[in-house]
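Reader: I'm new to this and keep meeting words like "exposed" and "antiparallel". Could you go through a structure with me and show how such labels are earned?

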Amino acid sequence: MSAADTTTPTEVPPLMSVPPPSAPPTPRRRRGSGATPWLLLAPCLLILGLVMGYPLVRLVTLSFQKFGQSQLWGFLPADWIGFDNFTAVLGDGEFWTVVVRTIVFAAGCVIFTMVAGMLIALLLQRVSGWVKTLVNIALVASWGMPIIVATTVFKWLFDADYGILNALLSKLPGVEMIGHNWFASGPQGLAVIMLLVVWGAVPFVVITLSAGLTQVPAELEEAARLDGAGAWGVFRHVTLPILKPIIVMLTTLSVIWDMGVFPQVFVMRGGHPEPEFQILPTYSYDRAFVVNDYGQGSAIALITVLLLLGVVAVYMRQMLKIGEVE
Amino acid sequence: MSTLAPAGRRRSKAGWNLLGLLVFATAGFPVYWMLNTAFKPAKDAIDPDPSLLPTGLTLGNFSRALDIADFWGPVGRSLIVSLSVVAIGIAVGTLAALAISRFAFRGRKVVIVGILAVQMIPLIAMIIPVFLLLNDLDQYDKLSGLIITYLTFILPFTVWTLRGFIVNIPKELEEAAMVDGCSPTGAFLRVVFPLLAPGMVATSVYAFVQAWNEYLYALMLLSQKNQTATVWLGNFTTKHGTEYAPMMAGSTMMAVPIVVLFLLVQRKMAAGLTAGAVKG
């Protein structure tokens with residue numbers, strides 16, 4: 001995702017980490033300070049508890065309640081209805097179509113982002129300094145673009161009548177694209193949105209991977225080359241294993257971000273995504289704020305979070321493994 | 001590659017450079033086209049055979065963009081929200097980052113894992129309960145409500161990023177100051193704080209950019225009359241349809257200050273990244 005969506009920082013581990021000193025590092029931390037750390041943490045935990053903890057609990061309770069417009073205005077109490085919201089959502093064929101569409105969409109975004117990011121990072125190692133600077137400027141500029149601006153610009157690039165893309169494509173012999181509406185069909189429109197997501201997400205991946213690549217020891221690659229490995233062999237057996245922790249982290253983060261794509265679809269479709277454009281985030285939003293069924297909307301959001309739990313677990317395990325969270 | 005003759009190596013370098021320029025053109029094109037459209041005469045923007053090069057320089061689209069809808073109101077509100085979020089986020093975040101990077105205490109790991117996990121929850125999943133919460137607290141359609149909501153993603157970010165910067169400051173410096181008679185607070189203010197300041201600036205700018213760019217919560221938690229800058233742009237369609245040239249002018253006004261800020265701190269954040277510190 002782009003800068004804005006890069007709301008989550010990630011930590012790049014020192015790749016060739018120094019072997020841990022034999023003495024455990026903890027004694028160097030101040031011990032026996034009793035309440036001090038908790039006092040320092042208190043404001044942070046208080047705020048997170050209010051704006052994150054409470055809503056999270058509320059999300060779960062809501063998904064077991066009948067909660068519509070009347071409950072919102074306080075005319076009616078919220079009734080507990082057990083698993084009714086879930087059975088209604090899971091029993092709806094539409095929901096499963098949306099789930100499959102979301103997974104295909106997110107998988108496409110993640111794969112294209114990671115592959116393009118890797119190729120560009122490798123390319124940047126081979127170009128002259130001035131080309132590298134140019135590419136970096138373009139990448140950081142696209143990374144820094146607010147998602148809304150990027151979406152608006154893509155809408156303009158792909159405009160049916162006056163968009164530059166159709167005009168350029170029509171210059172090819174035998175191609176007549178003027179007036180072609182890219183958003184007439186769901187798959188084509190989502191492909192454009194996927195391009196937008198990938199365009200915004202690649203810079204983060206390239207810059208992180210480039211930082212990682214500088215830490216791959218040249219001697220190792222040289223040794224592999226002397227042993228007769230080709231370019232692919234060196235990459236596959238030397239570079240890739242060393243970069244693996246970074247790649248795992250970038251991939252898990254991308255999955256989480258790309259499963260949560262919302263503004264791109266929402267703004268691209270003028271605030272009312274057609275059924276063919278619905279993915280889980282917009283579907284949950286629709287159910288809550290358009291149909292006014294907050295209970296079912298919450299159930300869908302909760303299912304999305306549960307779907308992501310596995311990915312989050314991989315991410316956390318990686319963070320724990322590289323020792324950043326000791 | 002080392003086996004290639006110098007001429008062959010130069011030729012392959014030229015090939016890579018060409019490919020690099022292609023990447024530059026592709027990645028940079030949307031930004032270029034935004035600027036190109038923003039500054040070209042509005043009638044050239046609806047030329048069915050558009051020219052790739054600039055066709056003239058006008059500021060007409062900018063004044064039109066400012067006419068279509070109030071621009072400075074939303075920008076002012078975005079500024080209030082983003083600056084407040086950064087101020088609170090940095091103050092609260094620094095304290096928390098100190099706690100988890102400089103103290104050993106029971107439950108430290110749980111706190112760290114909790115902060116990491118919190119930022120993994122997609123914002124969109126939280127919008128329904130957050131909306132209801134603000135509704136209950138009478139904070140719907142208030143900037144204060146939006147500010148506190150933005151802390152959900154800004155706070156974990158500042159804590160984790162600042163922690164990375166603090167970890168890189170050697171503890172010996174603080175210890176030496178304390179041996180020389182500084183109190184722990186004095187050691188922090190005189191030794192750690194000056195070293196941490198550049199990292200805090202970079203983190204602040206980065207957090208500012210994130211808050212400024214947020215769309216979903218701004219759309220849902222504020223009414224039309226209180227909209228922020230991102231929502232202003234998202235609604236940029238008049239009853240005459242979409243006027244793309246002014247819209248690109250509006251996009252330019254939104255994006256250029258942010259991209260410049262971003263370019264300024266990107267280096268610093270990237271330096272932290274290679275040092276095994278943090279990146280956002």
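Author: Sure, but remember that this is a predicted model. Let's start with D141(B), which has 15 C-beta neighbours inside 10 Å and counts as partly exposed.

Reader: Why is D141(B) called partly exposed?

Author: Set the count against the cut-offs: a residue is buried at 20 or more neighbours and exposed at 12 or fewer. D141(B) has 15, so the label is partly exposed.

Reader: And what makes D138(B) exposed?

Author: D138(B) has 9 other C-beta atoms within 10 Å. The limit for exposed is 12 or fewer, so D138(B) earns that label.

Reader: Where do D138(B) and D141(B) sit?

Author: D138(B) lies in the loop between helix 6 (123-136) and helix 7 (143-167) of chain B. D141(B) is found in the loop between helix 6 and helix 7 of chain B too.

Reader: What is notable about the phi of D138(B)?

Author: Most residues other than glycine have a negative phi. For D138(B), phi is near 60°, a positive value in a residue that isn't glycine. D141(B) also has a positive phi, near 65°.

Reader: What does the rest of chain B look like in terms of helices and strands?

Author: Chain B has 12 helices and 1 strand. Going along the sequence, the pattern is α-α-α-α-α-α-α-α-α-α-α-α-β, with the strand at the end. Of its 280 residues, 48% are buried.

Reader: How is chain B divided into domains?

Author: The domain assignment gives domain 1 (4-58) and domain 2 (62-275). The C-alpha centres of these two domains of chain B lie 33 Å apart.

Reader: How many residues of each domain of chain B are in contact with the other?

Author: In chain B, 7 residues of domain 1 are in contact with 6 residues of domain 2. On the domain 1 side, helix 1 (6-39) and helix 2 (42-45) of chain B each supply at least two residues. The largest share, 4 residues, comes from helix 1 of chain B. By class, that side has 5 nonpolar, 1 polar and 1 charged residues.

Reader: Now chain A. Why are helix 10 and helix 13 of chain A called roughly antiparallel?

Author: Helix 10 (residues 231-259) and helix 13 (residues 294-321) of chain A pack at an angle of about 160°. Angles over 145 degrees count as roughly antiparallel, so helix 10 of chain A gets that description relative to helix 13 of chain A. Their axes are 9 Å apart, and helix 10 of chain A passes helix 13 of chain A in a left-handed crossing.

Reader: Which residues make that contact?

Author: Helix 10 of chain A contributes residues including P245(A), V248(A) and M249(A), while T304(A), L308(A) and V311(A) are among those from helix 13 of chain A. The contact has 12 nonpolar, 3 polar and no charged residues.

Reader: How many residues are in contact between chain A and chain B?

Author: 88 residues of chain A are in contact with 90 residues of chain B. On the chain A side, the largest share, 15 residues, comes from helix 1 (residues 36-62) of chain A. That side divides into 62 nonpolar, 18 polar and 8 charged residues.

Technical notes: Residues numbered from 1 in each chain as written. Chains lettered and ligands numbered in written order. Predicted model: local features only at pLDDT ≥ 70, side-chain atom pairs only at ≥ 80, totals over all residues. Contact = placed C-beta atoms within 7 Å. Nonpolar A, V, L, I, M, F, W, Y, C, P; charged D, E, K, R; others polar. Axes fitted to C-alpha atoms, helices over the stretch in contact; angles between N-to-C directions. Parallel < 35°, antiparallel > 145°, perpendicular 65-115°, else oblique. Left-handed = near helix turned anticlockwise from the far one by under 90°. Domains from an automatic or database assignment.
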